Number of protein chains: 2
Amino acid sequence: MTRANEAWESLMKAYAVLMKQFNAEDVWGELTMREYDVLYQLSKCDSPLRLSELNRHVLLSQPALSRMVDRLVERGLVERCPDQGDRRGVRLSLTPAGRETQRAIGRPHARSVTRALSVLTPEEIAQLAVITGKLAGNEEK
Amino acid sequence: MTRANEAWESLMKAYAVLMKQFNAEDVWGELTMREYDVLYQLSKCDSPLRLSELNRHVLLSQPALSRMVDRLVERGLVERCPDQGDRRGVRLSLTPAGRETQRAIGRPHARSVTRALSVLTPEEIAQLAVITGKLAGNEEK
DNA sequence: TTAAGGTAGATGCAAACGCATGGAACTCAG
DNA sequence: CTGAGTTCCATGCGTTTGCATCTACCTTAA
């Protein structure tokens, strides 16, 4: 068992513990955490996002994401427009209602996150961001 | 947006990227990653594990885990015994076949993990283990 | 121009999931 | 000892997921 494997196992455990904790909190309203994640990813990009691009940030298969977007469109939270210039593609964006919903849930959730990470020192939080950034391949050529 | 929130988002992204990467690798045989996770958790404990205890380490609802154990029992990988002393409870352990399957998959998977974390320095790996350990509440009161 | 190969997203279908709930066993106050 | 409350795991049921596949569109090269 290498150090790397121990570290990854520890990361998975932390992820599981915190996700369960967040999921148990009563802030999600009509959304599941996965649905919120989709709204959040969309809220970060002002320009409409491609489905395939969104799929890279969400832990869901492409068909599952496609259908989740269906439901979010049907509920009036997300808009699906054909992409000029690539007519296979789809461009996704939040509706005003979607943006509002994201914010309403995001606020208390962000506080939960801050509280959960308050066991770390500011230095540790900075280190965590750097390390996970490298793992996600942020600075890959 | 606090530093803590940025760090958590970065952790989630790293988790998503690496999980997708691992999932795409051709090492899982007849198992899903979630099923492997259950076998792995069981492989770490020599004494049979309670379902509720196992559930704390796996990102699954209790009914979903109960049924996944059903399937693993049916496939001869896990054994379910009644718990003496608490007749509500169940004690889970790997069968020899389950242990073998876990090892056969675990070996190449562990190499993948090591490779994925090789972008980090040894110091960063050590820091990551410490930080995620704190997040998972390892050293709580 | 057109045929071959690749990519984006949608859909059929069986398997797996979460929520709500159920029964059985444990705990503890009276 | 008994009844109320809790914990542990299983089950019914509607929803969501992943895999395989499909169609439509883009790209490249002859």
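In this predicted model, Arg71(A) puts a side-chain N or O atom 2.9 Å from a phosphate oxygen of DNA strand D, a polar contact (N or O atoms within 3.5 Å of each other). Chain B does much the same sort of thing: a polar side-chain atom of Ser66(B) sits 2.2 Å from a phosphate oxygen of the strand, and one of Arg80(B) sits 2.5 Å from a phosphate oxygen. The elements giving two or more residues to this surface are helix H4 (62–74) of chain A plus helices H3 (51–57) and H4 (62–74) of chain B, where helices are DSSP runs of H or I with at least four residues, numbered from the N terminus. H4(A) chips in the largest share, five residues.

Around strand D there are 22 residues, and Ser61(A), Ser66(B), Arg67(B), Arg80(B) and Arg88(B) come nearest; "near" here calls for a heavy atom within 4 Å. Sugar and phosphate make up 62% of the strand D atoms within 4 Å of the protein.

Away from the DNA, helix H6 of chain A runs over residues 122–135. Its buried residues (under 20% relative accessible area, 1.4 Å probe, protein chains only) include Ile125(A), Leu128(A) and Ile131(A). The buried set packs against H1 (3–24) of chain A and against H1 (3–24), H5 (96–116) and H6 (122–135) of chain B, with contact taken as heavy atoms within 4.5 Å. Just past H6(A), Gly137(A) adopts a positive phi of about 80 degrees.

Residues are numbered from 1 along each chain as written, and chains are lettered from A in the order written. Local features need pLDDT of at least 70 and side-chain atom pairs 80 or more, while totals for chains, interfaces and linings use all residues; side-chain values use heavy atoms, without hydrogens or water.

Technical notes: A polar contact is a pair of N or O atoms within 3.5 Å; within protein, one must be able to donate a hydrogen and the other to accept it, and residues adjacent in sequence count only if both atoms are side-chain atoms. The expected span of a helix is 1.5 Å times one less than its number of residues. Buried means under 20% relative accessible area, exposed over 50%, partly exposed in between (1.4 Å probe, protein chains only).
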